[in-house]
Amino acid sequence: YSHSHIGHGKSYVSFDVVLRYLRHLGHRVLYVQNVTDVGHLLDNGEDRLLKQSKIDRVHPMQVAETYTRSYFEDMDKLGVLRPDISPRATGHVTEQIDLTKKLLEKGFAYEADGSVYFDVRKFGDYGRLSGRNLENMMEGTRVETRSEKRHPADFALWKKAGQEHIMRWPSPWGEGFPGWHIECSAMSMKYLGESFDIHGGGMDNQFPHHECEIAQSVCATGKPFVKYWMHNNLVTVGGQKMSKSLGNFVTLKDAFKKYDPLVIRFFILQSHYRSTLDFSDEAVGAAKAGLEKLVNTVRNIRMEIAKAETEQRPETREVDLQKYRSRFDEAMDDDFNAPQAIAVMFDLGKEMNQALNSYKKLSPSELRAVNTFFAECGITILGILPGESPMT
């Protein structure tokens with residue numbers, strides 16, 4: 001319902017690196033990103049798309065289409081690989097109704113005045129992911145607490161549509177629209193199966209969104225939902241969360257007016273995905289200087305390759321490249337530690353700069369091997385160096 005900001009960039013760049021590294025290791029990865037074009041509710045129960053459509057005086061689907069295109073434009077510039085499937089909530093209403101009916105039939109949900117709610121007290125593990133105690137949960141999360149709920153933490157699977165609600169579908173409970181949580185479970189299970197390996201998202205989605213996904217999915221299928229949950233931390237500004245509601249956000253489009261998208265990507269990856277990242281012009285400027293240093297090193301290596309081939313130099317073994325490969329792999333194998341992996345590249349760059357500036361004459365094959373290392377690590381896996389990745 002709006003343009004993506006730096007905080008969104010951190011999330012999708014972080015998981016892009018996970019995707020790239022898993023594929024680099026030889027895994028076949030099916031990557032699904034949901035497009036929430038209905039049902040993402042404000043605390044007062046109003047749909048965010050509907051609210052924006054009133055402001056812009058356009059149809060809600062025009063809002064969804066405009067900002068979906070905007071999102072992919074920004075991600076393309078950041079070098080984020082396109083997902084294999086980008087299902088839209090509005091295109092999977094039938095699956096969401098079927099999942100809601102199943103939860104009603106099994107006794108995990110109840111109808112109330114044309115809406116359907118999940119009864120959180122029927123799922124004993126509710127709150128386990130976020131470490132919350134159900135009895136201590138306060139009223140009101142993303143959906144306004146209403147008297148028709150049996151428990152304040154109960155969440156909407158299906159919402160009755162008011163007269164002003166443009167986006168509405170027929171259902172066994174009357175005309176309405178799906179809740180935010182049910183659409184994610186319905187779409188992910190349709191394309192990834194009832195149980196799948198990795199579910200990503202922002203730290204702020206852990207509760208209530210992911211807790212609700214787990215509850216409704218496990219209760220509907222009787223199977224574990226996800227093996228591994230990965231949550232990226234937030235981008236902050238002066239220690240405060242960057243968000244549209246606080247008005248302290250910088251859109252990616254505005255950031256790209258000042259900085260090359262690769263600089264923004266490099267800035268993001270200097271922080272581990274589970275760590276916060278504080279945004280400032282000074283911090284991005286420092287990232288720009290660091291990236292330029294690395295790019296210049298790689299450029300000099302490529303120029304030296306041509307020179308070495310012309311001179312027909314003999315074979316050399318001056319650089320212990322295996323040491324750097326092992327360190328890089330160890331960093332990435334340790335919960336995708338991109339900052340540490342980048343540090344390995346800088347260490348190799350430092351050694352190469354010393355070699356290039358000395359009397360040593362590295363052979364073409366050794367220089368090509370180093371160049372290949374930077375290409376694999378810096379282009380294919382991390383996506384921080386200019387050049388075409390074979391994955392794009």
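**Notebook: helix, strands, cores, cysteines**

I started with helix α1, residues 6-24: its 19 residues reach 26 Å from the first C-alpha to the last, close to the 27 Å expected at 1.5 Å a residue. A reminder to myself that this is a predicted model. I then looked up burial along α1 and found the helix mostly covered, with 15 of its 19 residues buried. Just after α1, I noted G26, which takes a positive phi of about 100°.

**Strands**

Next I turned to the hairpin. Strand β1 (residues 109-112) runs antiparallel to strand β2 (residues 115-118), and four bridges join them. I checked one pair of partners: E111 stands opposite V116 in β2. Two residues lie between the strands of this hairpin, and D113 in the turn has a positive phi of about 55°.

I also traced an open sheet of three strands, ordered β8-β7-β9, with mixed pairing. Its edge strands are β8 (240-241) and β9 (277-278), each of which pairs on one side only. I followed β7 (residues 235-237) across to β9 and found two bridges in the parallel sense. Here T236 stands opposite D278 in β9.

**Cores**

Which residues touch the most other members of the largest nonpolar core? I got I264, F328, M345, F373, F374, L382 and L385, out of 67 residues in that core. Several helices each supply at least two residues to this core, including α1, α3 (60-77), α10 (321-333) and α12 (364-381). The biggest giver is α9, with nine residues.

I picked L385 for a closer look. Leaving aside neighbours within four places in sequence, L385 is in contact with L262, L291, L294, V295, V298, M345, F374, G378 and I379. Apart from this core I found another, of 31 residues, with V93, L157, M189 and W229 among them.

**Cysteines**

How many disulfides does the structure hold? I counted zero. Why is C212 not bonded to C184? The closest cysteine sulfur to that of C212 is the one in C184, and C212 stays unbonded because the 11 Å between the two sulfurs is too far for a bond. I looked at C219 too: this residue is in no disulfide, and its nearest cysteine sulfur, that of C212, is 11 Å away.

Are these two cysteines, C212 and C219, buried or exposed? C212 is buried, with a relative accessible area of 1%. C219 also counts as buried, at 7% relative accessibility.

Methods:
Residues numbered from 1 in each chain as written. Predicted model: local features only at pLDDT ≥ 70, side-chain atom pairs only at ≥ 80, totals over all residues. Heavy atoms only, no water. Expected span 1.5 Å × (residues − 1). Buried < 20%, exposed > 50% of the residue type's maximum accessible area, 1.4 Å probe, protein only. Pairing = 2+ DSSP bridges. Core = buried A, V, L, I, M, F, W, Y, C linked by side-chain atoms within 4.5 Å. Contact = heavy atoms within 4.5 Å. Disulfide = S-S within 2.5 Å.
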